[in-house]
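Subject: Structure handover and notes

Dear colleague,

I am passing the structure on to you here, together with notes on what was found in it. Please read the notes with the coordinates open beside them.

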Amino acid sequence: MYFKIKEPASKEEFKRYYHLRWKLLRAPWNQAEGSEVDDIEDQCFHIMAVDDKNEVIGIARLQFNSTTEAQVRYMAVTESYERQGIGRELIKAVERRAKESSHEYIVLDAREPAVGFYQKLGYTVIEKSYLLFDEIQHYRMTKNL
Ligand SMILES: CC(C)(COP(=O)(O)OP(=O)(O)OC[C@H]1O[C@@H](n2cnc3c(N)ncnc32)[C@H](O)[C@@H]1OP(=O)(O)O)[C@@H](O)C(=O)NCCC(=O)NCCS
């Protein structure tokens with residue numbers, strides 16, 4: 001299966017990138033379109049996967065919490081493309097980016113069903129974190145780079 005990892009660049013690409021974020025991570029919980037965007041997007045690193053038709057099929061964001069700590073948020077892969085290595089490549093890209101700016105470790109809050117995915121990629125659970133939309137339990141995980 002063909003896919004390519006790239007940074008969204010044009011306004012149009014960002015629009016499609018945010019749309020997938022909303023569709024996969026917000027719409028299933030009846031959250032309005034627009035609620036997927038926060039106020040630090042312009043300070044973050046954005047990465048996406050596209051298919052052979054240039055459709056966005058995977059997304060992730062890296063934010064910089066301090067000079068040493070970076071955080072992965074808003075990561076998801078279109079359901080029909082799961083388990084084909086896209087998530088792994090998105091994580092590789094954010095880790096590469098975090099290392100480039102000498103960040104020492106990554107933290108993230110994984111949804112319960114995704115904990116096994118991050119463990120495969122070397123992340124360990126530190127603690128149970130928050131409950132999103134009253135039902136999605138998250139676990140704080142970390143990895144030293
Ligand atoms: C979690 C998610 C991002 C993983 O992406 P993906 O493209 O399916 O993952 P990959 O195919 O790159 O998987 C990499 C490895 O992790 C494993 N893996 C993937 N999902 C897994 C899961 N839920 N539990 C355990 N292992 C998993 C894969 O089998 C693969 O291992 P292998 O190389 O030994 O075969 C994706 O399933 C998803 O978007 N889920 C719904 C939204 C979500 O939960 N997002 C994360 C919010 S924190």
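A polar side-chain atom of R88 lies 2.5 Å from an oxygen atom of the ligand, and I begin with that site, with the reminder that the model is predicted. Two further polar approaches to the ligand involve the backbone: a polar backbone atom of G85 is 2.8 Å from a ligand oxygen atom, and a backbone N or O atom of Q84 is 3.1 Å from an oxygen atom of the ligand. Around the ligand there are 19 residues, of which V77, R83, G85, G87 and R88 come nearest. On its own the ligand has 910 Å² of accessible area, and the protein covers 76% of it.

One of those nearest residues, R83, deserves a separate look for its backbone, since its phi is positive, at about 60°, although R83 is not a glycine. R83 sits in the loop between β4 and α2, and it counts as exposed because its relative accessibility is 87%. A positive phi is also found at D134, again a residue other than glycine, with a value near 65°. D134 belongs to the loop between β6 (124-132) and β7, and its relative accessibility of 72% is the reason why it counts as exposed.

Turning to the interior, the largest nonpolar core has 26 residues, and those with the most contacts inside it are L62, V72, L90, I91, V94, Y118 and Y123. At least two residues of this core come from each of β2 (45-50), β3 (56-64), β4 (69-77), α2 (86-100), β5 (105-111), α3 (115-120) and β7 (136-144). Helix α2 gives the largest share, with six residues. If you would like a single residue from which to explore this core, V94 may serve, for, leaving aside its neighbours within four places in sequence, V94 is in contact with F45, I47, A60, L62 and V72. Separate from this core is a second one of ten residues, including Y17, M48, Y74 and A76. As background, nonpolar side chains in soluble globular proteins tend to be buried together.

The charged pairs come next, and the salt bridges number ten. In one of them the side chains of E41 and R61 meet at 3.0 Å, taken from N to O. This pair links distant parts of the chain, with E41 in the loop between α1 (11-25) and β2, and R61 in strand β3, the two being 20 residues apart. Is this pair, E41 and R61, buried or exposed? Both residues are buried, and for R61 the reason is a relative accessibility of 0%, so that R61 falls under the 20% limit for burial.

The surroundings of R61 can be described further. Its side chain makes a polar contact of 2.9 Å with the side chain of D38. Leaving aside the neighbours of R61 within four places in sequence, R61 is in contact with Y17, R21, D38, I40, E41, C44, F45, H46, Q71, V72, R73 and Y74. Salt bridges that share partners join R21, D38, E41, R61 and R73 into one network.

Helix α2 holds another pair, in which K92 forms a salt bridge with E89, with the closest N and O atoms 3.0 Å apart. These two residues of α2 are three residues apart, which is about one turn of the helix. K92 counts as partly exposed because its relative accessibility is 41%, and E89 is likewise partly exposed, with a relative accessible area of 25%.

A further salt bridge brings together the side chains of K143 and E95, at 3.1 Å from N to O. K143 lies in strand β7 and E95 in helix α2, so this pair ties together parts that are 48 residues apart in sequence. E95 is buried, because its relative accessible area is 10%, which is under the 20% limit. In general terms, side chains of opposite charge can pair when their charged atoms come close.

With best regards

Technical notes: Residues numbered from 1 in each chain as written. Predicted model: local features only at pLDDT ≥ 70, side-chain atom pairs only at ≥ 80, totals over all residues. Heavy atoms only, no water. Core = buried A, V, L, I, M, F, W, Y, C linked by side-chain atoms within 4.5 Å. Buried < 20%, exposed > 50% of the residue type's maximum accessible area, 1.4 Å probe, protein only. Helix = DSSP H or I, 4+ residues; strand = E, 2+ residues; numbered from the N terminus. Contact = heavy atoms within 4.5 Å. Salt bridge = Lys/Arg side-chain N within 4 Å of Asp/Glu carboxyl O. Near = heavy atom within 4 Å. Polar contact = N/O pair within 3.5 Å; in protein donor to acceptor, adjacent residues only side chain to side chain. Areas by Shrake-Rupley, 256 points an atom, 1.4 Å probe, with all protein chains shown as cover.
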